[in-house]
Amino acid sequence: MNNTILASQPPPMWGERTSLLDKGLKYMFSMDLVLELGANGIAQTKDGLVVAVTAPAGDEGEKGRAFHVLDEVLGRTPDGLVCNVPVGKVTRLNDHIVIDLYGTASLDGRVSLKLESPVSIAYTGVATFAGGADRALAAALPPLKPPVVVAQGAPAAPAPPEPRPAFGSAFISMRTECPLPKYRWMVENQLFGFGRVHVLPVDAGGYTLSFSYDVYAAGAVV
Amino acid sequence: MDREEIGFVPGGVQVTVFARQDLSRAYHVQRDRTVAGLGFEAIDGTITWGGDWVYWRQDDLEMSQVRASITTTDGAVIHMTYEVVASLGPGGYRRIVSEKEKMGKSDDPLNWPIVTSPRFETTHPKYRWIMGYQCISYGLVQIIKSEIRRLTYDVYAMT
């Protein structure tokens, strides 16, 4: 936010209000994140099903990226501040997903972006699947099991059900830390990501979770 | 609001602010019984407990962690948690910690806009719907003599 908020504003109606406060959301950039879930990444705990996912090994570009959908290099926050759009690759990424007893999938992830200097993003949020995350994922994806060595001559185990892709929505709030003044707006502003998640089985076993977010800055409109 | 000063800590100043019991309310501004667009039961109740763990950083940022409990008029208890990141403006940290130039006056309080990202938890089946949403809230904080006096928000569900 900029210095304009230091000016005193007309007093709001304190107590129980009958009208809404000013609000604004501005599109700033987008972020694609790719995560891999292996057989050892799921555990049942007292909080529900805990899913630990990390970025796939390989080139940085395969883990995700930050970009602007219209390739703009400058954006504007709701309070009018012109700012640089972060464009770069994801270097590190992990997410700790808890699917609770009511089927809500809570996200808690960390992203490192490679810009002129490293940018660290911490996010929390919710992924929603129609019918509940637990049921939707259980219906679409067979449970993962560690590979079992079958003795020669033993009857083959029945083939597991064919996995199907699962789609859902994801909503996150983000906190950023970055030393560069150029991206200071990301540290000072509350950012929200509106996104989609696509869960796909991979041939080698396990699943790929592809998240794609449009990131907005929220604030009072000036 | 009641204030408890922790004081100077590495990197800034820590203050805890507590809501005055049963003086804070959760309500729908249009007094609707359901949430428009979602069809769920709207939340109406009293904030029975709430605290804001405020950390003013030397780089003119406020990082807060808020915990609050809402008791609805029909007896359900809903826990609310969120974090706040807010800019104090250039030199804001110095203004807060110094004795001079305090922010806001009794006759001209500073109304500071803030944005937060609350999540809610409850076991009550009527309000369980809210656990499935990440929310955005737009609020105003009233500051008098560099102290948070009261705050108000509108909470939106991200869909």
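Two residues are in contact if their C-beta atoms, placed from the backbone, lie within 7 Å. Keep that cut-off in mind for the whole tour.

This is a predicted model, in which local features need pLDDT of at least 70, side-chain atom pairs count only at pLDDT 80 or more, and totals for chains, interfaces and linings use all residues. Residues are numbered from 1 along each chain as its sequence is written, while chains are lettered from A and ligands numbered from 1 in the order in which they are written.

**Stop 1: the whole model**

Show both chains. The model scores ipTM 0.88 and pTM 0.87. Now colour chain B by pLDDT, the predictor's confidence in each residue, from 0 to 100. Chain B averages 89, and 99% of the residues score at least 70. Select helix 1 of chain B, residues 92-97: confidence in the chain is lowest here, at a mean of 84. Then select strand 8 of chain B, residues 119-121, where confidence is highest, at 94. Where pLDDT is low, the predicted coordinates should not be read in detail.

**Stop 2: chain A as a cartoon**

Select chain A. Its secondary structure comes to 2 helices and 12 strands. Helices (H or I, at least four residues) and strands (E, at least two) are DSSP runs, numbered from the N terminus. Trace chain A along the sequence and the pattern is β-β-β-β-β-β-β-β-β-α-β-α-β-β. Of contacts in chain A between residues at least 6 apart in sequence, 65% join residues at least 24 apart.

**Stop 3: strands 2, 3 and 7 of chain A**

Select residues 42-45 and 48-54 of chain A. These are strand 2 and strand 3, antiparallel and joined by 4 bridges. Strands count as paired if DSSP finds at least two bridges between them. Strands 2 and 3 of chain A form a hairpin with 2 residues between them. Label A43(A) and look across to V50(A) in strand 3.

Next add residues 88-99 of chain A, which are strand 7. Strand 3 runs antiparallel to strand 7, with 6 bridges joining them. Here L49(A) has I99(A) as its bridge partner.

**Stop 4: two residues to compare in chain A**

Centre on L113(A), in strand 8 of chain A. Is L113(A) buried or exposed? Count the other C-beta atoms within 10 Å, again placed from the backbone: 20 or more makes a residue buried, 12 or fewer exposed, and anything in between partly exposed. L113(A) is buried because 26 other C-beta atoms lie within 10 Å. Show its contacts, not counting residues up to four places away in sequence: A66(A), P86(A), G88(A), V90(A), V119(A) and I121(A). Draw a distance to K89(A): the two residues are 24 apart along the chain, with C-alpha atoms separated by 5.8 Å.

Move to S117(A), in the loop between strand 8 (105-114) and strand 9 of chain A. S117(A) is exposed, since 11 other C-beta atoms lie within 10 Å. Leaving aside neighbours within four places in sequence, S117(A) is in contact with C178(A), P179(A) and L180(A). T208(A) lies 91 residues from S117(A) in sequence and 28 Å from it in space, C-alpha to C-alpha.

Zoom out to the chain. Buried residues make up 35% of the 222 residues in chain A.

**Stop 5: chain B**

Select chain B. It has 1 helix and 10 strands, in the order β-β-β-β-β-β-α-β-β-β-β. Its C-alpha atoms fill a box of roughly 50 × 30 × 25 Å along the principal axes. Of its 159 residues, 33% count as buried.

Select residues 2-9 and 12-18 of chain B, strands 1 and 2, which run antiparallel with 7 bridges. They form a hairpin with 2 residues between them, and G11(B) in the turn has a positive phi of about 90°. E5(B) stands opposite V15(B) in strand 2 of chain B. Add strand 4 of chain B, residues 45-57, which pairs with strand 2 in the antiparallel sense over 7 bridges. V15(B) stands opposite V54(B) in strand 4.

**Stop 6: where the chains meet**

Show both chains again. The contact takes 33 residues from chain A and 29 residues from chain B. On the chain A side, strand 9 (118-128), strand 10 (166-177), helix 2 (184-188), strand 11 (190-201) and strand 12 (207-219) each supply at least two residues. Strand 10 gives the most, with 4 residues. Colour this side of chain A by residue class: 17 nonpolar, 11 polar and 5 charged. Ala, Val, Leu, Ile, Met, Phe, Trp, Tyr, Cys and Pro count as nonpolar, Asp, Glu, Lys and Arg as charged, and the others, Gly among them, as polar.
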